[in-house]
Amino acid sequence: MSKDRAPKGRSKRPQARPRGEAKRRDGASRADRSGFRPKPKHAQATTDVAVGARPPRERRSGARPAETVPLILQTEADADYALLDTGDGLKLERYGPLTLVRPEQQAIWGKALPEAQWDAVDAIFTGDTDEEGMGRWRFARGDRGETWPMAFDGVGYLGRFTSFRHVGVFPEQAAHWRAMRGAIEAADRPLKVLNLFGYTGVASLVAAAAGAHVTHVDASRKAIGWARENQTHAGLEDRPIRWICEDAMKFVLREGRRGNDYDIILADPPAYGRGPAGEVWQLFDHLPDLLDGCRAILSDRPVMMVLTAYAIRASMFAVHEAMMEAMTGFGTEGRVESGELIIREQAAGRALSTSMFSRWTPERAS
């Protein structure tokens with residue numbers, strides 16, 4: 001499920017320095033024993049353009065799309081993934097055959113399962129608590145290697161231990177992937193899918209397995225390499241997937257100049273990142289331009305445009321109104337649905353919010 005998330009090969013992200021682990025007398029780190037405490041995030045300069053120097057955006061004319069807000073899309077446990085428990089700044093998850101403990105700053109409540117179940121895991125991530133902070137994995141039963149086999153609804157890929165606590169997939173995206181797959185399978189023609197900030201390519205593989213022609217764009221060569229490895233693992237080498245290492249904004253603008261278009265566009269940008277040539281991406285500065293560019297390359301028979309945002313200081317309505325503005329006056333009447341992606345925990349049934357999303361689809365004739 002795309003963040004150098006690191007790589008979320010989305011755009012490459014700045015790497016934080018590893019933090020030393022404070023040790024107790026028995027040698028265990030505080031991170032291992034007592035969870036992770038959220039720490040203040042220091043704001044980065046969001047732009048090198050002076051405040052007020054950016055020209056004002058022109059508001060679009062025409063009818064606004066219909067809208068549905070808020071919409072909650074939920075991921076529940078299945079054979080390949082489960083959120084087992086959360087609490088004390090941590091989450092306990094099952095990824096295929098492995099159980100893992102990772103930091104989760106939103107889990108500000110107590111754990112529901114006994115500590116013995118939290119201790120009987122395969123791996124624990126220790127280190128920086130930030131979303132992109134560096135750290136390492138502690139393996140309870142010896143080093144397990146970098147990867148292990150996983151699948152999403154029968155599409156194989158490799159889970160991967162990274163130094164940025166991510167494991168190569170984002171389960172909360174399941175609702176988008178299933179909606180996309182259903183649209184591809186129901187179409188009367190092969191659909192063209194553009195996956196921007198595509199990371200390790202699970203969405204691209206799901207689309208290709210359903211019969212789409214896929215263009216996968218990511219700024220990280222390492223993430224592209226992982227995605228190709230996943231394609232081989234899934235046995236989908238014969239499927240039409242273009243793997244492109246490039247800055248997402250540059251690619252979208254160039255596709256517009258070339259007159260190329262897509263039926264489905266997925267965009268999962270980071271809050272901050274850099275392209276392969278040092279291009280700077282700032283979500284709050286550049287998202288409207290990206291959405292405009294994506295609108296321009298939607299086909300004459302568009303099926304879906306999906307935006308996911310993990311920026312914690314944004315609101316759901318921020319991404320909703322950005323999508324509404326981008327699709328105002330569009331030639332095909334449509335609806336924008338926006339809300340949050342959540343994962344439902346097994347132990348106590350609590351909902352863990354992971355990200356915000358906004359999804360445009362054409363209105364169906366009644």
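Trainee: What makes strand β12 and strand β15 count as paired?

Mentor: Two strands pair if DSSP finds at least two bridges between them. Four bridges join β12 (residues 264-267) to β15 (residues 304-309), so the condition is met. The two strands run parallel, and Leu266 has Val306 in β15 as its bridge partner. This is a predicted model, in which local features need pLDDT of at least 70 and side-chain atom pairs count only at pLDDT 80 or more, while totals for chains, interfaces and linings use all residues. Residues are numbered from 1 along each chain as its sequence is written, and side-chain values use heavy atoms, with hydrogens and water left out.

Trainee: To which order of strands do β12 and β15 belong?

Mentor: They belong to an open sheet of eight strands, ordered β1-β16-β17-β15-β12-β9-β10-β11, with mixed pairing. Strands are DSSP runs of E with at least two residues, and helices are runs of H or I with at least four, numbered from the N terminus.

Trainee: Why are β1 and β11 called edge strands?

Mentor: β1 (66-75) and β11 (241-245) each pair on one side only. From one strand to the next, the twist of this sheet averages 15°.

Trainee: How do you know that α4 packs on the sheet?

Mentor: Contact means heavy atoms within 4.5 Å, and α4 touches β9 (192-196), β10 (213-218), β11 and β12. The direction of α4 makes about 160° with that of β11; such angles run from 0 to 180 degrees between N-to-C directions, and axes are lines fitted to C-alpha atoms, for helices over the stretch in contact. Helix α5 (residues 221-234) also lies across β10 and β11, at about 165° to β11.

Trainee: What makes α4 a mostly covered helix?

Mentor: Buried means under 20% relative accessible area, against over 50% for exposed and partly exposed in between (1.4 Å probe, protein chains only). In α4 (residues 202-210), eight of the nine residues are buried, among them Val202, Leu205 and Val206. Just after α4, Gly211 takes a positive phi of about 115°.

Trainee: Why is His216 counted as buried?

Mentor: Its relative accessibility is 0%, which is under 20%, so His216 is buried. His216 is placed in strand β10. Leaving aside residues up to four places away in sequence, its contacts include Ser204, Ile224, Ala227 and Trp243.

Trainee: How do you know that β5 is largely enclosed by the rest of the structure?

Mentor: Five of the five residues of β5 are buried, so the strand is largely enclosed. Both of its faces are covered, with Ala123, Phe125 and Gly127 on one side and Ile124 and Thr126 on the other.

Trainee: What makes β5 a partner of β4?

Mentor: Two bridges join β4 (residues 98-103) to β5, which satisfies the minimum of at least two, so they pair. These strands run parallel, and Leu100 is matched with Ala123 in β5. By contrast, β5 (residues 123-127) runs antiparallel to β6, to which five bridges join it; Phe125 stands opposite Trp137 in β6. The open sheet here has five strands in the order β2-β3-β4-β5-β6, with mixed pairing. Its edge strands are β2 (81-87) and β6 (135-139).

Trainee: Why does His166 count as buried?

Mentor: At 4% relative accessibility, His166 falls under 20%, so it is buried. His166 lies in the loop between β8 (155-160) and α3 (174-186). His166 and Phe125 are 41 residues apart in sequence and 9.3 Å apart in space, C-alpha to C-alpha.

Trainee: Why is α7 called oblique to α8?

Mentor: Helix α7 (residues 283-296) and helix α8 (residues 316-327) pack at about 40°, with their axes 9 Å apart. That angle makes α7 oblique to α8: under 35 degrees counts as roughly parallel, over 145 as roughly antiparallel, 65 to 115 as roughly perpendicular, and the rest as oblique.

Trainee: Which residues of α7 and α8 meet?

Mentor: Leu291, Asp292 and Arg295 in α7 meet Ala322, Met323, Ala326 and Met327 in α8. The residues of this contact divide into five nonpolar, no polar and two charged. Nonpolar covers Ala, Val, Leu, Ile, Met, Phe, Trp, Tyr, Cys and Pro; charged covers Asp, Glu, Lys and Arg; the others, Gly among them, are polar.
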